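Let's take a walk through this structure together, one stop at a time. Have the sequence and the view side by side as you read.

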Amino acid sequence: MIESFNKKELEEKIDQYVNGQLSAQEVDELWAELIQDGYHLDYLKSVANLKAVIERKREEQKSTNKKQYWYYAAAAVIALLIAVVGVMNISTQQQSSVEPVSSIELDYYRSGDGAVSSTSDKEVIRNAIKLANTGHENEAISLLQSELENATEPGWIAELSLNLGSLHYNNGNYNKAIEYYERVVTHKNSVDVLMLEKAYWYIGNAYFHLDQLVDAEMNIEKAYELNGAYRRVAKSYLNALSD
């Protein structure tokens, strides 16, 4: 593999490439290495330039057509190099410009009208968060799921659903997370803007993880349109996703 070559061997491979002495497979392996190696990309350009000069001088005493062939062949190598590296750089920048949120910090959410049935309800979420933060995610999910099955008040259902969505999100169960976040959206008339923003924002990020970028962009845009705490970060994601 080309990756195992030391510096001297890599430079020898570059020399062989410029002189047309590598097989198609060897060329592919060389490019795989050079894409990640700025120093040797510059070395390749230098070698190609030098070869162009040498060949041009050598062919000055031959026919004009022969001289032009070598000159333009060397120039083509350089042009191809610049084009490929440019595309790789643009692609890398676009892919790395934004990434989906890796995990969600668990906290306590309240609906806009403060609709929490009792102090014991508050403790349910706090206890679930404590379980999750100490490595007992499945127990936390079971606790909230049991509470959700008995919940009737829309704001409380939304709070439980948002926390359940976040637990599943952190476990990498993005489809399940989306399912719970969408329950928050279903009860959007019973929650405050911040909770609704979070639901759309995390739905978008979950779809981002699933490489469903159209759905990701659509939900992040909804978070942006609420014009709240997530507006600025949502805008940066929308700009990147629309490129």
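**From two loops to the core**

Our starting point in this predicted model is asparagine 227, which is exposed, with a relative accessible area of 52%. You will find asparagine 227 in the loop between H10 and H11. Its phi is near 55 degrees, a positive value in a residue other than glycine. Most residues other than glycine have a negative phi.

Now look at the loop between H9 and H10, where aspartate 211 lies. Aspartate 211 also has a positive phi, of about 60 degrees, although it is not a glycine. Its relative accessibility is 63%, so aspartate 211 counts as exposed.

From here, step into helix H9, residues 193-209, where asparagine 205 has its place. Is asparagine 205 buried or exposed? Its relative accessibility is 0%, so asparagine 205 counts as buried. A polar atom of its side chain lies 2.8 Å from the backbone oxygen of tryptophan 201. Beyond its neighbours within four places in sequence, asparagine 205 is in contact with Glu99, Pro100, Val101, Tyr169 and Tyr237.

Two of the residues just named lead us on to the core. The largest nonpolar core has 33 residues, and Tyr169, Tyr181, Trp201 and Ile220 are those with the most contacts inside it. Helices H7, H8, H9, H10 and H11 each give two or more residues to this core, and H9 gives the most, with ten. Apart from this core lies another, of 17 residues, among them Ala128, Leu144, Trp156 and Leu160.

Finally, return to tryptophan 201: leaving aside neighbours within four places in sequence, its contacts include Val101, Ile220 and Tyr237.

Definitions and conventions: Residues are numbered from 1 along each chain as its sequence is written. This is a predicted model: local features need pLDDT of at least 70, side-chain atom pairs count only at pLDDT 80 or more; totals for chains, interfaces and linings use all residues. Side-chain values use heavy atoms; hydrogens and water are left out. Helices (H or I, at least four residues) and strands (E, at least two) are DSSP runs, numbered from the N terminus. Buried means under 20% relative accessible area, exposed over 50%, partly exposed in between (1.4 Å probe, protein chains only). A polar contact is a pair of N or O atoms within 3.5 Å; within protein, one must be able to donate a hydrogen and the other to accept it, and residues adjacent in sequence count only if both atoms are side-chain atoms. Contact means heavy atoms within 4.5 Å. A nonpolar core is a set of buried Ala, Val, Leu, Ile, Met, Phe, Trp, Tyr and Cys residues joined through side-chain atoms within 4.5 Å.
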